[in-house]
Each structure stands twice: as C-alpha cells, then as structure tokens.
Amino acid sequence: MSESTATTLAPQSGSTSRKVPRIVILGGGSVGLYSARRLRRRLGNREAAIVVVDPRPYMTYAPFLPEAAAGSIDARYVVAPHRRALKGIDALQGKVSEIKHAERTVQITPEEGEPYWITYDHLIVGLGSVARTLPIPGLAEQAIGFKNVEEAIAVRNHVLGRIDRASSTWDPELRRRMLTFTFVGGGFAGVEAIAEVEDMARDAVKHYPSLSPEDLRFVLVEGSRRILPEVSEELGGYTLEQLRKRGIEVYLSTFLNSCVDGHVVLSDKTEFDSETIVWTAGVKANPVLQNSDLPLDKMGRVTTLATLQIADAEGNVVPDAYAAGDCAAVPDLYNPGMFCPPNAQHAIREATHLADNLARVLRSAEPTDYKHKNIGAVASLGMYKGVAQFLGKIKVRGFLAWVLHRSYHVMAMPTLNRKLAIMSGWTANLLWRRETVALGSIHDPRAEFRAASVPPKPRPEQAAPAAAPAKAEDHSAVPGAEVKPSGASKADDTSPADGTPSEVKPG
Ligand SMILES: Cc1cc2nc3c(=O)[nH]c(=O)nc-3n(C[C@H](O)[C@H](O)[C@H](O)COP(=O)(O)OP(=O)(O)OC[C@H]3O[C@@H](n4cnc5c(N)ncnc54)[C@H](O)[C@@H]3O)c2cc1C
C-alpha cells in the first residue's frame, strides 16, 4: 500500500470527516472489478474514492480456467491484475473477515499482520462463492477444487505428472490408479474441466511410447440424471454422447460416497482407485457473509432488490449497500419468483448496472431495475469441440461452437492486453501445438533445496559389499514389480532416486 493510500484508508471516526464519499467494494472478482471500473468512469476523483478489497491481487476470469488447465491459455492471462486494471482505484490486499454495516465498517485480515477496520460510506458486496462440499469420507484429504487459477494449474501439473510417473512404473495396478482421473459434478465447470483435461492428456500420451490413450481412464460422476443443466436436454444429451464416444465414463444419478486414500466408492457400488479427484459439484455463497449484519436468505446469499440494492425479506432497502454476483440473490425479472443464476454472464452485467445505479443515487436520481434475458451458454469440450445454445432455440455443436466459445469469452475478458495475449497464445498453439510439460515441482519449489541442505550421512566404513543388495531392494520397491526386462541391471544403475528405471520402457 502506498503512503498516501494508507493515510486515506486509516480508520476514521465517521464519514463526516471525509471530503469525498468512500465506496468500498468487497471482492475484486467479476463484480468487484467491473463495478469499480465503471464507477471510476462515472464518478470523478472529487465525487468518490473507490477501494477494492481482495486477498488476491488479481481478478480471475473463471470461464477460461478449463482452457488454462489444458494449456491452451497461459495461466497469467486468465487473470487481470488489479494494479493495472484498476487505475485511479485503491486496491487493498486482505480478506474481509467481518462486516458491520450499521457502523459502516469492515474488518480486513491481511495475509500477515493484525486485522484492522476501515470505514466507508457506500458498500458493494461482490464476495463470490466457494466450492459447495459435502462431508464425504476422504474428500477433504484427497480432492481438489476447480474454482481458481491456482487449482486449475495444480490439476494440470498433477495430471501431466501422473502420466510422467505412470510411464516409468512397472506395476499395472499402480499405473491404473495413477492414470484414473475422477471429476465430480456434471455442470458447466465439471464438464468443461474434464473435457479439456482429457483432450490434453490424450495429446500428452502421444509423447510416451510406453503409454497409449487406452491407458487413460476419465470418470465423471453426476448426481442428477443429466449433465449440463444450463443447456437444453438435447444439447446436454449430445454432450454426453460426445464424452462417452471419447471413452469418458459418465455416471448419472450417482454420488461419490467415499474416496479415502484415493479408493473411490460410488453410490451404485462401483469401486476403483484414483489418484486424482477434482470436485466441481456446485458452489455456495461466500461463508464470510455469515459474519455480517446484512440480510441473508436460506442459502446464505445477500438478498437484494432488482435495483441491486441490498434489502431485507420484506423489501426494505438497507441504505448505502449493494450486492451482485454469486454471493447475491438477485431477482430475475424475466423469470418471476426466480433468482439470477450464478454465472459470469449475469455477474458482469449486474456489476455495471450496480455501478450505474450507485452513481445515480449519489446524484440524487432513482436507481433502475436490472433485467437481463439469458443470451445462452457456450462450452468448450477440448480443441475444436464445443456446444452452444443461444436464446433458447439456436443450438450449435462441434467446431463452430468451439469458435463461438472462444470468441465470446475473449471479448468478455477484461483489458485489451489480456485479449490480445490470449489470442496470440492461441495462434502460437495452432502453429506449434500446445505444451504438455508437467511442472509439478513448481508446487513445492523448495523440495530440492531442502534435500540439498540435509547434512550427508557418514559413509559406512565397508561401503562396497553393502551397496549391491541395497540397490536391488531399491528397484523392487516399485510395488508389484514382477517382470524384470532384460537389461534391468543396467536400468538399475541409471535409475533415478525413486527407484523407477529411466532407460527401459515398461511394458
Ligand atoms: C471453472 C469455472 C468455469 C466457469 N465457466 C463459466 C462460463 O462458461 N460462463 C459463465 O457465465 N460463468 C462461468 N463460471 C461462473 C463465473 O465465473 C462466476 O459466476 C463469476 O465469476 C461470479 O462473479 P463474482 O464476482 O460473484 O465472483 P468471483 O469472480 O469469484 O469473485 C469473488 C472475489 O471475491 C474474493 N474474495 C473471496 N473471499 C474474500 C474475502 N473474505 N474478502 C475479500 N475478497 C474475497 C475472491 O478472491 C474473488 O476475487 C465458471 C466458474 C468456474 C469456477
């Protein structure tokens, strides 16, 4: 934080001491970033100070996460850094931990240091959602979510890492376990994630003479009777057919019952081992909202009017407070009695509408209702494959849908330099094919240095006689190693530290 920012944001006794009203935006995601930018355009520096609070220094464009996991888009370009995208706006890095709207204060807990409070005059809540998990045995220990760029890149490196290791593993059972990838949740995020990652994995195994695409096993588990509820039954059915044609096993009306130590048990009694479990089974409003005095519905979302002003169950407006996106229950005026679904299409439009309304209110004008008819849905299912549906009627599939998916989302991606970087990456991938290298150790970069820092063990006095049996044991440490190919002793000599041979290809 710059010195001037620190002075501006220092907790104050009340709004009267401020020269210009302060708008504090909680969350710098789709809602936070788009509403902040719009407000800055609508209101001059003398009309309002704007502050965005987020533990991350960037906004993530989640619809591109499956492509980032597949290596079609560089991870750096699916995020928009706040410092560059939020010109003329203060960005505070830290988690909102409590909201006392009655006192117009929020508590911020930084990554390091003590929590502190800041005051405001107007509040925008864009805290998004978190993965909706269930108390399934083994889930917390084994699974990973797919909601942010860190998770998407970890899934990518993990999948490619398993392929690398499996290619040098002798034990067929271990190999099968390594090459079984389970995704739970057949909505947009889950279907796009499994389709993109499977496409990448099939591409990757081409570079491993000891592996074939048939060695890969991808499993999608969905609790309801269909996938992709966001599109028509027909397109959902088409997608299901495409996934199954590619060999992806799809279990419908089935639940994950347990995955202790990677042993997956489904509700239909199917059991298998899988070292990769990706959880994409829905989201819930950010739980930090429970730590606030704002009105919430049964699902923990902040309740709003169609003007995006926060209001209680009786429709009484909570003054100076607005909300939008995944964390808000915004009435869907095109579907009376329903709420806008949690997606980027609504979040981004709500954000700009909200900003316009707040600017209107600051100028003593009336806010207007947010009304957006769902224009449709587009999903990518891997390179050159996709499905799309517009205005409920127009259905597109295959290559054209894939092009529409890319075109729609690249236009929605914030900042021109991001759009250009993504498009130039796609062009480069077409020319040189995407990179499928596993950078798994990136997630534990100090491992090698730690190992190097361990003082060497004193050498045994009679090293020579003891060394030979120890080597033999190392090699057989690969579980279930039955057949030793000819030349195994040579492989032993050159085997890496984990005992897997580097020269001889396992059958
Ligand atoms: C894999 C995936 C694919 C998707 N694909 C599509 C798609 O194709 N089309 C579509 O329309 N939608 C899609 N979505 C949904 C869409 O991304 C979300 O609906 C949208 O991002 C919601 O915007 P938001 O601003 O409410 O939340 P977010 O964009 O998630 O922003 C919330 C922000 O709040 C921050 N935050 C969290 N906790 C705190 C805290 N305590 N204090 C301060 N800040 C906090 C987060 O860091 C984040 O920056 C997809 C989502 C995922 C996960």
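**Close-up 1. What kinds of residues make up the shell around the ligand, by class?** In this predicted model, the shell breaks down into 18 nonpolar, 11 polar and five charged residues. That makes up a set of 34 residues surrounding the ligand. The closest ones are Gly-27, Gly-29, Ala-62, Gly-128 and Gly-325.

**Close-up 2. Two domains contribute to the ligand shell.** Domain 1 is pieced together from 18-55, 94-131 and 284-362, while domain 2 takes in 139-281 and 376-432. Each of the two puts at least three residues into the shell. Zoom in on the secondary structure and you'll find helices α2 (30-42), α8 and α10 (344-362), plus strands β2 (49-54) and β6 (95-100), each chipping in at least two shell residues.

**Close-up 3. An open sheet of five parallel strands.** Reading across, the order goes β11-β18-β12-β13-β14. At the edges sit β11 (143-145) and β14 (249-251), each with a partner on one side only. From one strand to the next, the twist averages 20°.

**Close-up 4. Helix α8 packs on the sheet.** This helix covers residues 188-205 and touches β12, β13 (217-221) and β18. Its direction makes about 175° with that of β13. Helix α8 also turns up in the ligand view, with at least two residues in the shell.

**Close-up 5. Strands β12 and β18, side by side.** How many bridges join β12 to β18? Four do the job, linking residues 180-184 of β12 to residues 276-279 of β18, with the two strands running parallel. Look for Val-184, which stands opposite Trp-279 in β18.

Notes:
Residues are numbered from 1 along each chain as its sequence is written. This is a predicted model: local features need pLDDT of at least 70, side-chain atom pairs count only at pLDDT 80 or more; totals for chains, interfaces and linings use all residues. Two strands pair if DSSP finds at least two bridges between them. Axes are lines fitted to C-alpha atoms, for helices over the stretch in contact, and angles run from 0 to 180 degrees between N-to-C directions. Two residues are in contact if their C-beta atoms, placed from the backbone, lie within 7 Å. A residue is near a molecule or strand if its C-beta atom, placed from the backbone, lies within 6 Å of it. Ala, Val, Leu, Ile, Met, Phe, Trp, Tyr, Cys and Pro count as nonpolar, Asp, Glu, Lys and Arg as charged, and the others, Gly among them, as polar. Domain bounds come from an automatic or database domain assignment.
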